[in-house]
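The following exchange examines how several labels are assigned and on what grounds.

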Amino acid sequence: MFVVTVRFIIGRLINRLITLLMLVLFSFLVFELIPQSLGFKLGFFFVGITQLNPKTAQAQLAAVDAAEQAYGLNAPIPIRIAKFLYNLFTLHFGMSPTYKEPVLTVISQYLPNTLVLVTVSLVTTSVISIVLGVVAAKSFLKSRWKIGDKAASLTSIGAYFIPAFWLGIIMYVVLAAQLHWFPINLFFALRGGGLHNYTGVEYYLRYLWAASLPIILLTIVGFGHRQQLIRNNIIEEYNSAGYVMYARARGLDESTVFYRHAFRNALLPWVTQVGLDVAFLIYGVFFVEIIFQFPGLGIVTTEAATSFDIPLLIGSTFLFSVYILVVLFALDFVYALLDPRVRLGE
Amino acid sequence: MDNFTINVLKRRDAQVGLAIILFFVLVGTVGAALAPYKNAYNPSAYYVAAPNALPAWVKIFPGYSKLPANIILPATYPLQAFKVPSAVDYWTVTDPGVGGANVVSTYTAGFGPTGLPNPGATYTLLNTANGSELISIGGSSDAPVTVYLTHSFNYTYEPPKMFYAQALVYPAQVEGAGLAVFLYIKSSAGVYPVALMADPQGEAALESNPQLGSLYAQYFANPTLPPLIHSSWNLLEGITTASTLMPLYYLNRSVSVYSVPETVFSHTGEYTVGELIEVFPHGDYSVRLYQSDIKFQIFGSVYGLMGTDPHGSDVASEYATSTGVALEIGFGSAAIVMVIGVFLGLLAGYLGGLVDNVLLFVFDFLLLIPGLILLIDLDTTFTIAHVTPNRVLLLIIILGVLGWAGVSRIVRSQVLTVRSRSYVQAAQAMGGGSMYILRRHVLPHTAALIIALVTYMVPALVIADAGLDFLSLGITQRPTWGNILSNLINNMTPTNGYLWWIFIPVGFSIILLSVGFYLVGTAIQEEFSRFT
């Protein structure tokens, strides 16, 4: 049994690694092959200029050529792919032309903020979707008027349809900018507009204060899909699965049937959906960071894209993907724990 | 299949959904075609009314009924630009009769403004073509001679937020006199000069005025105000957003620079706008002055169907054109998604084996890695490499290329179930080729599902584009739903009512569009599952 589980886990690990490899190849395609095949000199990316200045064009072109030479951008493609892979997996992202600092330094300043937002909201959406999903399913199955189901489902479907950036503007303008219940940005929360320097517990409390509005928004827009999924699954399992009927025939009490049988089986597709929802949360984090001025990797990536800071863009793409794949891999463990079929190798 | 379509159309939810979609299609096509400003973010579309003007229909509510709409005097272009002789009659010429002045005002068809620079602002009217009014003043005097051109109107609204006054004057002949030209607004509360130009002699005469001379001196000391130049067209203008350049700021010290429009139009009643030509003769004099493009504008605090944004642009135009862009992108990229997704889904499902495994991996890859990051990556590289200057087309391509994985996955699983059906196996046994079976048996049985899927995709693609625009990575420099929303963040305050007339329609449009497509898609899917 243990061997089977290990084999399953290793299989998933290999799968995830191949996905990461594909992503790196995608980056290579997008940032090296496509521009080059369209006749664009890659050296521009590393020098940090996109438009030639007529006065200094000569010097700029020389710098571009030097960069191409230095980074070996005209080498044969297989060698470049190997080098690209090696650089990313050893976290050598190069220098960011806009920040004039190594990409890793820039990213490591901002990554923690994003990780806090995504991870916390992943937990909160998970908890809320399960709780509301169970409430809705129970109400649908047991209550006559199904008010609990209607309320919970309407909330989650409604929240799912509301665009994050629209709701975010309302929350920011009303709760932060006008009512001042929340800080207008992270800097204001942590430094009091440059007047204070909070330390210790107070620092973390104020950080949490600033992070709460973004997390609330991500939670609101993120839980609906999984809530509906688990509600529908519980109802379906409870009503039609053979093992539920069997459990009831054995004389098990209703709550055991509901939680140990129907609910537990309904949880499996939910776990798969978490993986897709991480991608959705990361989508949301870009807007949330910009609206609430919570400086994280989303803002950095957006700015890198507008200022054509390609090394930074490659680095942040890679780290976002690593984060997602780590979460997915963790979920594989959860899946193996929940699903005896995986453990038993069926 | 016809029966199926009718069944879908009979459903209430499908009807509601289709009505919503039809509404947006109408706004995006007919509305966008009728929109007076095709790109309301172009500075030439600014200041159609006062910034942050409310929609005109709020006047039906009691608290807002007194808000002014746009008042432009004269109202029509031929009168403003002196294209017709009756333009002269619009202005009443008053000759005070001082010093035996002989004032003659005639319409000149063959002479008009020339050689003027481009207007600095959208409310400035610079018509460089024939048509003007000639005012001749002659006589013999040593006392100043003042000639008024006036037009009276009744103002019945609350004070406006902004007004503007302009005139083009061409002093063709100034002999034996100095000349100053004012634009002013007069009410029972007082006379407010809003623009003033004088030639050197006129300036000296004004500055020697015993009471106001020092104030005039301060006014003329302002280096940004040009003097009146003879034998040349001069733009005489005053705008309340630059009220420190208005003579009233110097002469009427009681007027606060921050509340010029509120002070000037402080009450309802009869107002007179006009031009004052002041001649400072010494002995025999003769003045001939051409003028054209006279325009007074009170900027409306209410405007059109949806008001104006903080630039004073027409929000209705913004909304209609941006809806058009949203639908273009939604439908355009959904078409690409459908073609790629269906083709690869059918391929994976039908061929199976290695092809299936590889394609499945690609589907998973595209679904698991956040699409936004891939979008940003592709968008950046295509922008740098100048693939196409048409941002809308570029976004359609990018969204289409990245969005098909979900469709493929479901088509594939549908193909797998259809493939095991006996009629497909029978067709195979009778020697039907892969392409034949796909076209003849598999595709018809998955068509409805595919349509339902694409229906779900359209709003998702619209929102993805809105998101990119919101991050200022998508379409720039023209209104789209994302751009409208991102421009709001820093402009929403309690004093402008949080710009609800922009904020609510755009937000609800995004939600409604999603709901509309969701209803239609669900109807198709449910009918389909009943059908099979």
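**Assignments and their grounds**

In this predicted model, B:L183 has B:E275 as its bridge partner in β9(B). The model is a prediction, in which local features need pLDDT of at least 70 and side-chain atom pairs pLDDT 80 or more, while totals for chains, interfaces and linings use all residues. Residues are numbered from 1 along each chain as its sequence is written, chains are lettered from A and ligands numbered from 1 in the order in which they are written, and side-chain values use heavy atoms, without hydrogens and water.

Q: What makes strand β6 of chain B and β9(B) a pair?
A: Two strands pair if DSSP finds at least two bridges between them. Strand β6 (residues 163–187) of chain B and β9(B) have 21 bridges, in the antiparallel sense, and therefore meet the requirement of at least two.

Q: Why is β9(B) called mostly covered?
A: Of the 30 residues of β9(B), 23 are buried. Buried means under 20% relative accessible area, exposed over 50%, and partly exposed in between (1.4 Å probe, protein chains only).

Q: Why is A:F2 called exposed?
A: The relative accessible area of A:F2 is 65%, and exposed requires over 50%. A:F2 is in helix α1 (residues 2–37) of chain A.

Q: How do you know that the side chains of A:D332 and A:R16 meet in a salt bridge?
A: A salt bridge is a side-chain nitrogen of Lys or Arg within 4 Å of a carboxyl oxygen of Asp or Glu. For A:D332 and A:R16 the N to O value is 3.2 Å, so the pair satisfies the cut-off. The two residues are 316 residues apart, A:D332 in helix α14 (residues 310–338) and A:R16 in helix α1, both of chain A. A:D332 is buried, at 7% relative accessibility, and A:R16 is buried at 10%.

Q: Why is B:D13 called partly exposed, whereas B:R11 is called buried?
A: B:D13 has 22% relative accessibility and so counts as partly exposed. B:R11 has a relative accessible area of 16% and is therefore buried. The closest N and O atoms of their salt bridge are 3.0 Å apart.

Q: What makes B:D293 a residue without a salt bridge?
A: The nearest side chain of opposite charge, B:K83, is 6.7 Å away from B:D293, and the salt-bridge criterion demands a separation within 4 Å. B:D293, found in strand β9 (residues 269–298) of chain B, is nevertheless buried.

How values were computed: Helix = DSSP H or I, 4+ residues; strand = E, 2+ residues; numbered from the N terminus. Lys, Arg positive; Asp, Glu negative; His and termini not counted.
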